[in-house]
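Biologist: I am new to this entry. Please show me how to read it.

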Amino acid sequence: MSNKLNSAAVKKAQWKFHGGLKLAGHKTQSMQSSIANTIVPEILTVPLQQHIGRPAKPVVNVGDKVLKGQCIATLKDPASVTATIHAPSSGEVIAIEAHAIPSMDKQTANCIIIKTDGEDRWLQSLKSVDDPTSLSSDTLKQIIVEAGIVGLGGAGFPTHLKLTVENKPLDTLIINAAECEPYITCDAMLIKEQADKIIKGVQIILHALNIKQCLIGIEDDKPQASKALQQALSTAGIKTIQIVQVPTRYPAGGEKQLIQVLTGKEVPLNKLPRDMGMVCHNIATVYAIAEAIMEGKPLIERVVTITGSSLQQAGNMRVLIGTSMHDVLDKYGYKENNDQTIIMGGPMMGFHLDSADYPIIKTTNCILIQKKTKPKTALPCIRCGECARVCPANLLPQQLYWYTRAKDLDRVQDYQIFSCIECGCCDYVCPSHIPLVQFYRYAKTEIWTQEADKKKSDHARERHEYRQFRLERKKAEDAERKAKKKALLNKKQGIKTTEQDTKKAAIEAALNRVKARQSVQAAIAKNTDELTEEQQKKIDEIEQRRKNKLNTDKDN
Amino acid sequence: MDNTAPNSVTRIMLNVLYALVPGIIAYVIFFGWGVVINIIIAVITAIVTEVLMLQLRKRPIKPFIMDGSAVVTAVLLALALPNLAPWWLIFIGVSFAIIIGKHLYGGLGYNPFNPAMIGYALLLISFPLQMTVWLQPDNTLSFMQSLNYALFSTLNNIDIDAMTMATTLDTVKTQSGLGESFAAIQTSAPAIFGQFAGKGWEWINLAFLFGGLWLLYRRVISWQIPVAFLGSIFIMALLFYPSTGTTPLYHLFGGATMLCAFFIATDPVTASPTPNGRLIYAAGIGIFAYVIRMWGGYPDGIAFGVLLMNMAAPTIDYYTRPKAFGENV
């Protein structure tokens, strides 16, 4: 036994990332008891969009009976940025309508509302696979697409998009088990209880992507979880997977920060881990993958931490997607009152909700109930530089703040605002209590809006120019036809003409003018260079639509 | 040390004030109560003008008074003034610092120049006579006598000239300007030289150094400014040691060197906020301070060094932006 344990020894991380904070963990209170089982609430409110990308389209109608695990919304194109949605329990679709969804800016979105029948009856055709390595990587990916798996760490990026092998071969799989935000323990508890299945999930990803090496990054304040993983590795006798303990320092779980701590490599600006031969998955996502492949279960539930200073009990619970937060909080003795506030996510990156009338979605890792604190008066920035000292992206937050206030968006981009991961470290240390991240979000949205407006006007101008071109072409063609007729007539009459050549030259000139204008436009520098993967995807989609439209225009 | 406790402007300012205490005690031991009277008059002036300005600018009074920045400005200016200063000198300096140096630029956080140094520079230019009346060390003035002088500009039966003299820095500059060697100046005026720098001043500087190190330990200030400032003074003193005869120790522990290194140049609002920018900024102050101190027309060059580098700070910021994550790979 001890030999085996040695072979899967836990390594300590050798590298560091810039800045960050040592925060009080507040994790023990929610780790006292094991993960509680799901409840089946009377009503499930399942949003059509719980992920980054396009919302899924309902494939059921109001009045339809649905079974647990049945696909209720999807998009046909499996490669697009979207995720399939399944019925979390059996029952009847009673409405498809807009409902408030948990989000930073109080959005509403279309939701499929299911009245459960209490039977919790599974779809019969659950396919389970014993040996995932017998499946091809395409098959595995297809199952993951159909299971509607998205990144469960918080961002909700569709997982299948990170399972595609592209030209550049991948050499390292990084599993993010850092769970660096205070209070949140859902990943740690899941590891403690399901380490074996998680390791299977890791093997599936390694197989699907044909990667030989895997690093699991876990913060060193979770000794039980890393021990569980270590045990699972030893029992299975796996040596390609290495557990690495990283110092507990927020935000060690940031993707680029974790990669730096684990490998010493800095993901270059505007690049993705993939460009460096790495791909990163959250550990809860890995578990979901294992469940989907080996048991045929789509993503219809997740583990949620319910905790906070003003809750009598705290713990982790498996929750069906679409369960109202009320139903969950009731189990933990939550009583609504005006002195407390509900946060989805952790205290650093989570957002405040005005009530518990929101469904649990795929990215809900934590519901945190905290006492309301009086917002502190923001004083002017005294440029003390604390924010720069703690910034994990090595930015100058106070300069970003000044330029955002001055609405100097070009300068804001010079100072690399799009490298900001909105971790909130600067907010936390600011002696003037300035809500800095809010300013950065504002600046980013403002820049995106301007980009979109510019795209729109570019589009309009292009269309206008194309129309001009078409009119000119038509004119030229008409003239040509006329000239031909005339020439024919003249030929008959024995008179030759050079008019045809003149017309041709005119067409040529018009074409050249348009081409020149287009190339000038292409040469104009765009400030869309620092977009994240999701933004780029979105823009690509818009671009594609525009092209299609342009083509249909041309065809007309 | 790490950031587990929430920070606040008040905490920063209070820490700065605490860290000044050892220096103030050393000052009192060597030069008597004059500096305490300076501080009292300065703080009262600062609070009154701050409240007045906040009211005129229709700003909430409580949070801005509680931030403590006005008091810090007042204390720093009081420490820089001669220890035998009439009340109106302090009043003019502090109110100018608060009204013109701070509020007319937009108040806390918006002033491009260090307010205390703006006040100091104004006084030095306008009242050169009063600004150079310094008590000699180990004088026998009581608190009441000092207060009497501050309020009525008289010492009753005491001959003021017998108790005051040019400072060490001033004497060295004047005498060496006349061609005397540093060693000769030291022997001719033993009353103003101590073990390794100006008498009294060397201990006051040591005490400020001690307070400053505590601020570093508390992470209220960052290391770049004191290190670059003291480093540049040291290098300048070393470079010019052969021609001036003044030792690096004499410069490091003379005049307001340590006060500037840890308390004045470190004013975050007017300094450069980038790590490399801070190095350049503080090294610049050190060079200016040395040059003016040795060859300029004023007793110490720190105030002008600070103000000159304040002007350069925005430009320094722009060229010293650190590379963002992933930018230099």
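Modeller: We go through confidence, the fold of chain A and the contact between the chains.

Modeller: This is a predicted model, in which local features need pLDDT of at least 70 and side-chain atom pairs count only at pLDDT 80 or more, while totals for chains, interfaces and linings use all residues. Residues are numbered from 1 along each chain as its sequence is written, and chains are lettered from A and ligands numbered from 1 in the order in which they are written.

Biologist: What is the mean pLDDT of chain A?

Modeller: pLDDT is the predictor's confidence in each residue, from 0 to 100. Where it is low, the predicted coordinates should not be read in detail. For chain A the mean is 87, with 93% of residues at 70 or more. Among its elements, strand β13 (residues 301-307) has the highest mean, 95, and helix α1 (residues 2-7) the lowest, 43. Over residues 1-7 of chain A the pLDDT is below 50.

Biologist: How many helices and strands does chain A have?

Modeller: Helices (H or I, at least four residues) and strands (E, at least two) are DSSP runs, numbered from the N terminus. Chain A has 14 helices and 17 strands. Its C-alpha trace spans about 105 × 65 × 55 Å along the principal axes.

Biologist: How many residues does each chain bring to the contact?

Modeller: Two residues are in contact if their C-beta atoms, placed from the backbone, lie within 7 Å. Chain A brings 32 residues and chain B 28 residues. On the side of chain A that touches chain B, α8 (386-390) and α9 (397-405) each supply at least two residues. The most come from α8(A), with three residues.
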